[in-house]
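Me: I would like a close look at a single part of this model, followed outward into its surroundings. Please take one position, describe where it sits and what it touches, and then connect it to the rest of the chain.

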Amino acid sequence: MKTADLNIAELMKQFNEAGYLLLPGVLSQEKVDRLNAAIDEVIASEPETLAHNIYNSVERHPEIASLIDQPDILPLIVNLLGHNIQLHISHLTIRKPNPSEAQTASHSFIDWHQDGPHPQFPVIAGLTATYYIKTCYILSDMSEPDRGNTKVIPGSHTRPYNPNHKDVRQQVNGEVQVCGKPGDVFLFAQNLWHAGSPNRSEFTRRQLFLGYSPIWMRPIDYHTASESLLRDADPIRRQLLGQISDNHFKYYVPEDTMVPLKSLRISEV
């Protein structure tokens, strides 16, 4: 899938209604293979566990960092969130088969929740605004349910909502397991109710989350992007790494030259 193939206005409408999108075939098989080889290198130095959660994963390998400004996804993100944005989080998750549903310190599965800080984002009339959006690159065969799939409650970001229980192992009315093939990408808003279900299959789940937020928010990955990430970065990537000005007031009211992502805005949306 290429940017030219995206009907951004229609996808925005679907996203705003459901709170998530699944986009098939964004990454080629070659790219998926390169990412999985990079992940193999990363986890080779990690302790053995049923569940890996590796934050600031863009720092761990250049192949992962290449997704920061993934050209087939970035225009959609810009038109959903606006052009004054940055990378907020990069989170690699691996869930090995766990038919006994053993809970681990590294969270083999995660119960129903909205993303955000503690205390939570402001809630007004029972609603939390969309502060950031996550993209999830599916890197293993997640085409069937019960493979550690992410679960979502479509539309739960648009109305006061709280599941009648938080346990992801029990079914919630209206829940959807997001199923996809390697190279597919799904996007979701942080205020959409979602969960990471147990992996009852024989497949290992691999998903790589990159989140984007307004540049005036403090990112989760780092306070300031490292020199290794900034080295040779073009203007768009520098913006996404939070480097637009030494004057922090400009993070709130940037000059157009500081936010080259503005060029990806579509005037009619």
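Reply: Gly19 sits in the loop between helix 1 (8–18) and strand 1 (20–23), in what is a predicted model. The relative accessible area of Gly19 is 0%, which is under the 20% cut-off, so this glycine counts as buried. Leaving aside residues up to four places away in sequence, Gly19 touches Gln14, His157, Leu187, Phe188, Ala189 and Leu192.

Two of these partners lead into the nonpolar interior. Leu187 belongs to the largest nonpolar core, which has 46 residues, and is listed with Leu76, Tyr137 and Leu210 as touching the most other members. Leu192, for its part, is included in a second, separate core of 11 residues, together with Ala18, Ile138 and Phe186. Gly19 therefore has contacts with a member of each core, through Leu187 in one case and Leu192 in the other. In soluble globular proteins, nonpolar side chains tend to be buried together.

Within the larger core, Leu210 can be followed in more detail: not counting residues up to four places away in sequence, it touches Val58, Leu67, Ile68, Leu87, Ile89, Ser90, Ile133, Lys134, Thr135 and Tyr137. Leu76, another of the core residues that touch the most other members, lies in helix 4, where Leu74, Pro75, Leu76, Ile77, Val78, Asn79 and Leu80 are buried. Because 7 of the 8 residues of this helix (residues 74–81) are buried, helix 4 is largely enclosed by the rest of the structure. Gly82 comes after helix 4 and has a positive phi, near 100°.

A point of contrast for Gly19 is His118, which is 99 residues away in sequence and, C-alpha to C-alpha, 22 Å away in space. The peptide bond that joins His118 to Pro119 is cis, with omega at about -5°, and Pro119 is placed in the loop between strand 4 (110–113) and strand 5 (123–124).

Other loops carry backbone features of their own. In the loop between strand 3 (85–95) and strand 4, His107 has a phi near 65°, a positive value in a residue other than glycine; with a relative accessible area of 43%, His107 is partly exposed. Asp146, found in the loop between strand 7 (133–138) and strand 8 (150–152), likewise has a positive phi of about 65° although it is not a glycine, and Asp146 is partly exposed, with a relative accessible area of 30%. Gly19, by comparison, is a loop residue that is buried.

Turning to the chain that surrounds these positions, there are 6 helices and 12 strands. The radius of gyration is 18 Å, close to the 18 Å that the globule rule gives for 269 residues, so the chain is as compact as a globular protein of that length. Its C-alpha trace spans about 55 × 45 × 40 Å along the principal axes, and 54% of the 269 residues count as buried, Gly19 being one of the buried residues. Of the contacts between residues at least 6 apart in sequence, 83% join residues at least 24 apart. The accessible surface comes to about 12,500 Å², with 51% of it belonging to carbon and sulfur atoms, and the mean positions of the 24 positive and 31 negative charges are 4 Å apart.

Conventions. Residues numbered from 1 in each chain as written. Predicted model: local features only at pLDDT ≥ 70, side-chain atom pairs only at ≥ 80, totals over all residues. Heavy atoms only, no water. Helix = DSSP H or I, 4+ residues; strand = E, 2+ residues; numbered from the N terminus. Rg over C-alpha atoms; globule rule 2.2 N^0.38 Å. Buried < 20%, exposed > 50% of the residue type's maximum accessible area, 1.4 Å probe, protein only. Contact = heavy atoms within 4.5 Å. Areas by Shrake-Rupley, 256 points an atom, 1.4 Å probe, with all protein chains shown as cover. Lys, Arg positive; Asp, Glu negative; His and termini not counted. Charge placed at Lys NZ, Arg CZ, Asp CG, Glu CD. Core = buried A, V, L, I, M, F, W, Y, C linked by side-chain atoms within 4.5 Å.
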